[in-house]
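I opened my notebook to look into the inside of a structure and wrote down what I looked up, entry by entry.

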Amino acid sequence: MSDKIRSEDVFGLARFYRFQWEEAQNGYVLLFPEGMVKLNGGAGEVVKRLDGAKTVGQIVDELKQAFPDALEIENDIYAMLELAHDKYWIERKTNA
Amino acid sequence: MTNTGSNAKPMPSADATVKLIPKPFWLLAEVTYRCPLHCAFCYNPTDYVEHTQNELSTEQWISVLREARKMGALQLGISGGEPLLRDDIEEIVAEAGRLGYYSNLITSGVGLTEKRLAEFKRGGLDHIQLSMHDITKEINNFITDTNTFDLKKKVAGMIKDYGYPMVLNVVIHRYNIEHLGEILEMADAIGADYVELANTQYYGWSLLNRSQLMPTREQLVKAEAVTNEFRARVGSRMKIYFVVPDYYADRPKKCMNGWGEVFMIVTADGTVLPCHSARSLPNMEFPNIRNGASLEWTWNESPAFTKYRGDDWMKEPCRSCPEKEKDLGGCRCQTFLLTGDAEGADPVCSLSPHHDIILQAIEDAKNPLLASQPILFRNDKNSKLIAEGALKELVAPFHSLP
């Protein structure tokens, strides 16, 4: 059901979703009516950059710079975005 | 505050979400038991009139919010009764906003005005969950024992106009279950983003009215099919949660996601509970913040919150059950109310030696004589009668006051 994530895609948080750092959880959480999700560190780093302006390609570059030692980072990011999109946490802001 | 930036730490795997650490994530503030509606299925205690005096003050609520937030509470439900009967909800909402809660007002819509909505928006309220009852004026007004049908439609429009997600809660029972398709159409027409179809759970008033409210298994199966068809048709536009009624399940629900695991409820009079109906349990003393109990102590150490946390308390058949982690033996309150033993298996479970009680309740709901008994609506008059010990015959089948 998911369509392919492309490097020119631009994502933002889905409507009504809130993303914030939780000190008590030592991590990022996504909040929405009827639920919440705690994101692991990597997922949090990706979602944090979804500002409705940057393309996926730009985010990949940014994260590669921020985490130069992380292997397979590009695949991880695409997998994370696919999961988040399937679960309606994020939505496409523009279609390039 | 975050761990990003110039340091070259390897990025953790981005492929999955991780499990939550047990903390009182959800704080439910039952700010009042007063309510303009008189719903037959209300889960509030039947003797709620005893708890309508001595409501916590605004300052006390604000200190509850602060303390709970420090302990890691994140989701805040402001509920009741009808919370809008208090005129300080704006202040409570604003404090919740400042503290970073994700806050939800759970309301019948009675008392919601443009002015209050604007204040809630300014204060940072995240969403409003509106109860809806039926597509027909007749059933709405009958089951709530009020004339609120037109008001609810108007309020729904206002919530939408203020840019809030439209979250509807529909309690399902015999009188509306056959209209589920139409109810979902209505929800879609008013632009609902989330719809919770909550099959009645039998606590409080709904337990007293069980024979009159419980749908048949056939009705339930049909309702689920209607819901699934609708879901497939609307796709992601509207998210629909269908809360399965436990009486028709083989295994009990994991009540409150575990005793003292996630939920903390502070009631109108300051009593702190691990679940809505915990007052019906015997030999329990629940801390009250009016008596100086701290939430930290209450959650972490009080005998009431530790009593059924985890599974040390379990007896057979639960103790050796391979599924015990899945449901933690079900609901303590339901088990006590129906069987008189708070530590037994939830009678909903087909492995419970008391499962026949549930089967009998299902039979009773089909018995035209019982099903046609008058409904006891939730109102002050009836609550007083119950608190005074009248209506004994209604309460007699249960091991404590529902």
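The entries below go from cores to rings and then to cavities.

**Ground rules.** I am working with a predicted model, in which local features need pLDDT of at least 70 and side-chain atom pairs count only at pLDDT 80 or more, while totals for chains, interfaces and linings use all residues. Residues are numbered from 1 along each chain as its sequence is written, chains are lettered from A and ligands numbered from 1 in the order in which they are written, and side-chain values use heavy atoms, with hydrogens and water left out.

**Cores.** I looked up the largest nonpolar core (buried Ala, Val, Leu, Ile, Met, Phe, Trp, Tyr and Cys residues joined through side-chain atoms within 4.5 Å; buried means under 20% relative accessible area with a 1.4 Å probe, protein chains only). It has 113 residues, and those touching the most other members are B:Leu27, B:Phe120, B:Leu197, B:Met238, B:Tyr247 and B:Leu295. Another core, of 39 residues, lies apart from it and includes A:Phe16 and A:Met80. I then followed B:Leu295, whose contacts (heavy atoms within 4.5 Å), leaving aside neighbours within four places in sequence, include B:Val64, B:Glu67, B:Met264 and B:Ile289.

**Rings.** I searched the whole structure for aromatic pairs (rings of Phe, Tyr and Trp, the last by its six-membered ring, with centres within 6.5 Å; planes under 30 degrees apart are stacked, over 60 edge-to-face and the rest tilted), and 11 turned up over all chains. The ring centres of B:Tyr308 and B:Trp313 are 5.4 Å apart with planes at 80°, so I noted this pair as edge-to-face. B:Tyr308 is buried at 4% relative accessibility, and B:Trp313 is buried at 12%. In chain A, I noted one aromatic cluster formed by A:Phe19, A:Trp21 and A:Tyr28.

I also checked for charges over rings (NZ of Lys or CZ of Arg within 6 Å of the ring centre and within 35 degrees of the ring normal). B:Lys121 lies over the face of B:Tyr164, 4.0 Å from the ring centre, and B:Arg309 lies over that of B:Trp299, at 5.1 Å.

**Cavities.** How much space lies in the largest cavity? I found about 120 Å³ (the space filled by probe spheres set on the grid points, which are joined across faces, edges and corners) in this cavity, a cavity being a set of points on a 1 Å grid over the protein atoms alone where a 1.4 Å probe fits but cannot get out. Of its 14 lining residues (an atom within 4 Å of a point), B:Cys255, B:Gly258, B:Trp259, B:Gly330 and B:Arg332 are the closest to its centre.

Technical notes:
Buried means under 20% relative accessible area, exposed over 50%, partly exposed in between (1.4 Å probe, protein chains only). On a 1 Å grid over the protein atoms alone, a cavity is a set of points where a 1.4 Å probe fits but cannot get out, and a pocket is an open set with protein on both sides within 12 Å along at least five of seven lines; lining residues have an atom within 4 Å of a point.
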